[in-house]
Amino acid sequence: MKYTNPNQLTIFDIVLEKPSESFPAPPPEPIAEKKVQPKSGTLCPYPVPTVNEIIKLIDRSSYSVGKSKLISDVFACGALAVSNLVDFTQFDEREEQYKQIMNGYQPKERELIAEIFCKIFALLSSVTYDDGAFDDYLGKLFMHCNQGNKGTGQIFTPYHVSKLMAKIMINGDTAKQKDIFSVYDPCSGGGGLLMAALDVLKNDYNVNYTHHCFMQAGDIDIRCVHMTYLQLALAGVPAIVCHQNTLTNELWSVWKTPAFIFQYPRFCKYDIRH
């Protein structure tokens with residue numbers, strides 16, 4: 001091994017000498033045993049957390065904070081943080097909301113919220129990679145932590161049912177007949193039906209949903225608004241999510257995803273003035 005080379009830039013730019021007889025090169029790997037990885041697109045560069053891992057972290061950490069409050073505040077702080085990166089028209093109000101939530105926790109508890117959200121962020125963002133799998137991740141987390149309300153019918157649709165419904169509603173003609181494919185869910189829950197639609201558009205019909213799809217969603221439960229917003233925002237979907245009463249048309253807040261704001265000239269006709 002030589003460390004002097006006229007083209008050498010750093011000590012890591014080295015030139016390997018031809019192996020000597022006293023130190024022969026290792027024998028080549030037999031062709032029959034060589035594993036060739038199939039060519040693929042952009043793969044997720046990190047180990048993807050699972051819903052069960054996040055649930056275990058919540059269960060282990062919620063002894064000092066009620067589970068329902070902890071989950072709600074994680075969703076809220078996550079949605080507020082993502083929104084404030086791009087939607088500066090609502091920055092001051094949402095920054096104040098974020099501070100009020102975090103001021104109610106001790107420093108160790110704030111670290112816990114950040115740790116849980118980091119795992120959620122990694123899980124939801126993984127769908128943007130070619131080996132990522134779509135699912136209603138936050139809906140599963142919400143229901144597995146017993147946060148649904150059976151009295152009000154707040155029981156989220158299982159993802160395999162949502163995907164079946166998406167396959168029935170979307171076919172090759174409807175997926176590609178328009179420059180922008182729009183989907184609306186007025187009672188979105190965690191956003192499972194919308195994620196299933198993205199799953200079908202991308203994996204069945206090869207539609208680049210980040211450029212050719214717009215989604216609008218709404219729910220009367222602010223926790224559901226935060227969940228839907230996070231799932232769509234971190235999947236790179238141009239979307240608007242509303243905290244609203246669909247039956248009375250009462251509107252309390254509007255959440256615009258980064259992909260919507262970054263491509264505003266393309267999707268401005270869908271903007272909601274408030």
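The following questions and answers concern salt bridges, a helix contact and a surface patch in a predicted model.

Q: How many salt bridges does a search of the whole structure find?
A: Side chains of opposite charge can pair when their charged atoms come close. Lys 69 with Asp 73 is one such salt bridge, and Asp 271 with Lys 256 is another. Over the whole structure, the search finds a total of eight.

Q: In which helix do both Lys 69 and Asp 73 lie?
A: The closest N and O atoms of this salt bridge are 2.9 Å apart. The two residues are separated by four positions, about one turn of the helix, and both belong to H2 (residues 67-84).

Q: Is Asp 73 buried or partly exposed?
A: Its partner Lys 69 has a relative accessible area of 47% and is partly exposed. Buried means under 20% relative accessible area. Because the value for Asp 73 is 9%, this residue is buried.

Q: How many residues apart in sequence are the parts that Asp 199 and Lys 163 tie together?
A: The side chains of Asp 199 and Lys 163 form a salt bridge with an N to O distance of 3.3 Å. Asp 199 lies in helix H8 (residues 192-205) and Lys 163 in helix H6, so the parts tied together are 36 residues apart.

Q: Which residue of the salt bridge between Asp 199 and Lys 163 is buried?
A: Lys 163 has a relative accessible area of 26% and is therefore partly exposed. At 5% relative accessibility, the buried residue is Asp 199.

Q: In which strand does Lys 256, the partner of Asp 271, lie?
A: The side chains of Asp 271 and Lys 256 meet in a salt bridge at 2.8 Å, N to O. Asp 271 is buried at 14% relative accessible area, and Lys 256 also counts as buried at 13%. Asp 271 lies in the segment after helix H12 (264-267), so the pair ties that segment to strand S4 (residues 250-256).

Q: At roughly what angle do the axes of helix H5 and helix H10 cross?
A: Tyr 137, Leu 138 and Phe 142 in H5 meet Arg 223, Met 227, Leu 230 and Gln 231 in H10. The residues of this contact comprise five nonpolar, one polar and one charged. The axes come within 9 Å and cross at roughly 145°.

Q: What is the approximate area of the nonpolar surface patch made by Val 161, Met 165 and Leu 193?
A: Met 165 is found in helix H6 (residues 159-169). With a relative accessible area of 41%, Met 165 is partly exposed. Together with Val 161 and Leu 193, Met 165 makes a nonpolar surface patch of about 210 Å².

Conventions: Residues are numbered from 1 along each chain as its sequence is written. This is a predicted model: local features need pLDDT of at least 70, side-chain atom pairs count only at pLDDT 80 or more; totals for chains, interfaces and linings use all residues. Side-chain values use heavy atoms; hydrogens and water are left out. Patches are made of residues with over 30% relative accessible area and no salt bridge: like charges are joined within 9 Å, nonpolar side chains (Val, Leu, Ile, Met, Phe, Trp, Tyr) within 5 Å. Accessible areas come from the Shrake-Rupley method with a 1.4 Å probe; for residues, only the protein chains shown count as cover. A salt bridge is a side-chain nitrogen of Lys or Arg within 4 Å of a carboxyl oxygen of Asp or Glu. Buried means under 20% relative accessible area, exposed over 50%, partly exposed in between (1.4 Å probe, protein chains only). Axes are lines fitted to C-alpha atoms, for helices over the stretch in contact, and angles run from 0 to 180 degrees between N-to-C directions. Contact means heavy atoms within 4.5 Å. Ala, Val, Leu, Ile, Met, Phe, Trp, Tyr, Cys and Pro count as nonpolar, Asp, Glu, Lys and Arg as charged, and the others, Gly among them, as polar.
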